[in-house]
Amino acid sequence: MKDTYILGIESSCDETSVSIVKNGKEEIATVISSQIDIHKNYGGVVPEIASRQHIKNISIVLEECFHQANMDLSDISAIAITYGPGLIGSLLIGLEAAKTLSFVTQKPLVPVHHIAGHIYANNLMEELKFPLIALVVSGGHTELIYMKDHYNFEKLGGTLDDAVGECYDKVARVLGIPYPGGPEIDRLASLGKPTYSLPHPLKDDSYNFSFSGLKSAVINLVHNEEQRHCEIRKEDVATSFQQVVIDTIVAKTMHAVKEKEVSHLIIAGGVAANKGLRKALQEACEKNQIHLTIPAMKYCTDNATMIAAAGYYAYRKGRIASLDLNSKSTDDLK
Ligand code: KG4
Ligand code: ZN
């Protein structure tokens, strides 16, 4: 069979990324331009600044990717683009670039949901085996997805309020840790002890999560300690917080794995980089003889490699968009 090369473009938040992937699993070249250093100064991503940076970056990143791949547009079978969810202005820049390339080359435009991309980051590690459960843990999502086949997503449950990454970032902020605080909380958590007592959110049999109560409990704890002029042991707060998060996520995920009788679990999204979570899931999967795939660190944060990988399977399913495709700030995974 002829090889299929997909060009992926991702600009949903603060990374401008372009990648070329062969047959949905082999990374040929990827370029990522991150804006983290700019947004750090504001304590979070500033949407207007993000879209302006994408405008500056997109052509350079595109050219560099083709240069690194030693390929040109004629080698590409289709163009996969993150149409949503994300920051609308940021999404539009990638989308306009993708539409322009599609129009000029007459190559198919393949719309990819950002979370489908995170899920397919796993396919760059090893082939997905169905049926499986995908645990999606990112800055904007916390969901359990059942997949019985390629590009077939059934949401079992999700967060009723904050996403887990958002919760990490807010806990980090109250501890005076710069954005994005998740990685630093993860690091501190490996150094402390779980000395602070925090509530366990939504401890039930459902597949839903709730993190806002936990987040508020940490914020209140820190404020109360400050008012009492007590020293806050950041490491211990991080360890106590992370332990509750991990316990909750692992319990719900393993419950889904058992109820749905799957033997393959994959994890997706920025929080999949969390060392404590990776270790806890590895242990739980070993104990229950479940095959676990975890994306390499470089595929956990936003990148176009995962979009091109997902795009390959979307393309094979005939998911082609017309040039009036619009970006969406929110959208269900489908
Ligand atoms: O997947 P992602 O780029 O965002 C969305 O697509 O929504 O994930 C970014 C999120 C941020 O909230 C960041 O703090 C968190 O992932 N994150 C982590 C870690 N690395 C990134 N959270 C906990 N532990 C980490 N090691
Ligand atoms: Zn993401």
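**Close-up views of the predicted model**

**View A. With a relative accessibility of 0%, Phe-211 counts as buried (under 20% relative accessible area; exposed is over 50%, partly exposed in between; 1.4 Å probe, protein chains only).** Phe-209 is buried too, at 1%. This is a predicted model, where local features need pLDDT of at least 70 and side-chain atom pairs pLDDT 80 or more, while totals for chains, interfaces and linings use all residues. Residues are numbered from 1 along each chain as written, chains are lettered from A and ligands numbered from 1 in written order, and side-chain values use heavy atoms, leaving out hydrogens and water.

**View B. Six aromatic pairs turn up in a search of the whole structure (Phe, Tyr or Trp six-membered ring centres within 6.5 Å; planes under 30 degrees apart are stacked, over 60 edge-to-face, the rest tilted).** One of them stacks Tyr-120 on Tyr-151, 5.8 Å centre to centre with 25° between the planes. Tyr-120 sits in helix α4 and Tyr-151 in the loop between β7 and β8 (154–158), so the pair ties together parts 31 residues apart in sequence (helices are DSSP runs of H or I, at least four residues, and strands of E, at least two, numbered from the N terminus). Both tyrosines are buried. Back with the phenylalanines, Phe-209 and Phe-211 also stack, at 6.0 Å centre to centre and 15° between the planes. Ring pairs also link Tyr-120, Tyr-151, Phe-153, Tyr-312 and Tyr-313 into a cluster.

**View C. His-114 (NE2), His-118 (NE2) and Asp-302 (OD) coordinate the zinc ion (ligand 2) at 2.0 to 2.1 Å (donors are N, O and S atoms within 2.8 Å of the metal, 3.2 Å for Na, K and Ca; water is not among the atoms, so sites may look incomplete).** The donor residues follow the spacing H-x3-H-x183-D. His-114 belongs to helix α4 (residues 114–120) and Asp-302 to the loop between α10 (297–300) and α11 (304–316), so the two tie together parts that are 188 residues apart in sequence. His-114 is buried at 7% relative accessibility, and Asp-302 is buried at 15%.

**View D. The largest nonpolar core has 52 residues (buried Ala, Val, Leu, Ile, Met, Phe, Trp, Tyr and Cys joined through side-chain atoms within 4.5 Å), with Ile-133, Ile-185, Phe-241 and Ile-249 touching the most other members.** Elements giving at least two residues each include β6 (132–137), α6 (182–189), α8 (234–259) and β9 (264–268). Helix α8 contributes the most, with 11. A second, separate core holds 32 residues, among them Ile-6, Ala-80, Leu-124 and Tyr-151.
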